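The following exercises concern a protein model whose sequence and coordinates are shown below. Please work through each task before reading its solution.

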Amino acid sequence: MSDFDNYDIKRVMSVLPHRYPLLLVDRVQELVIDERIHAIKAVTINEDFFQGHFPGRPIMPGVLIIEALAQSAAIMAIESLGLADSNKLVYFMAIEGAKFRAPVEPGCLLDLHVEFVQKRSKVCKFAGKAMLGDAVAAEVKFTAMIADPPQ
């Protein structure tokens, strides 16, 4: 049994600074240090963004799918770099090749798969896929910087 077997919402919130309505990771299914993460976002009709995106046809905005992947990557980076109690933040630097393949609707379980492409102490590159079962909902490559929070 690894330290990451019970990575529930409490542990997610202990690592990420995000809170409702922008906390977009509900739990971590698998975390392999220095390699990959599989996190889950349970998408519900109660999400604020569904009020306006779109009335009568609720679809999770693509930018929020990318944000969920980025939050998953942040968990992986913080754990892999041993920064869990450091208050370090993970900031987007670049988003490349974002593609949206299928709509994400209320009631979906969004599987968030992210891998390291490159890992350094301050800048990391990632490749992510948001999955709905076997179907790709979105895929993206992105770069993030690890830094101190603003004063």
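**Exercise 1: An aromatic residue in a loop**

Phe 54 lies in the loop that connects E2 with H2. The structure is a predicted model, in which local features require pLDDT of at least 70, side-chain atom pairs count only at pLDDT 80 or more, and totals for chains, interfaces and linings use all residues. Residues are numbered from 1 along each chain as its sequence is written, and side-chain values use heavy atoms, with hydrogens and water left out.

Task: State the exposure class of Phe 54 and its C-alpha distance from Phe 4.

Solution. Step one: buried means under 20% relative accessible area, exposed over 50%, and partly exposed in between, with a 1.4 Å probe and protein chains only. Phe 54 counts as partly exposed because its relative accessibility is 42%. Step two: Phe 4 and Phe 54 are 50 residues apart in sequence, and their C-alpha atoms are 37 Å apart in space.

**Exercise 2: A lysine in a strand**

Task: Locate Lys 41, classify it as buried or exposed, and list its contacts.

Solution. Step one: Lys 41 belongs to strand E2, residues 36–42; helices (H or I, at least four residues) and strands (E, at least two) are DSSP runs, numbered from the N terminus. Step two: Lys 41 has 3% relative accessibility and therefore counts as buried. Step three: leaving aside residues up to four places away in sequence, Lys 41 touches Leu 23, Leu 24, Asp 26, Glu 47, Cys 108, Leu 109, Leu 110 and Leu 112, where contact means heavy atoms within 4.5 Å.

**Exercise 3: The partners of E6**

Task: Determine which strands pair with E6 and in what sense.

Solution. Step one: two strands pair if DSSP finds at least two bridges between them. Step two: E3 pairs with E6 in the antiparallel sense over 9 bridges, and Glu 96 stands opposite Lys 141 of E6. Step three: strand E5 (residues 123–132) also runs antiparallel to E6, joined by 10 bridges; Phe 126 has Phe 142 in E6 as its bridge partner. Step four: the hairpin of E5 and E6 has 2 residues between the strands, and Gly 133 there takes a positive phi near 65°.
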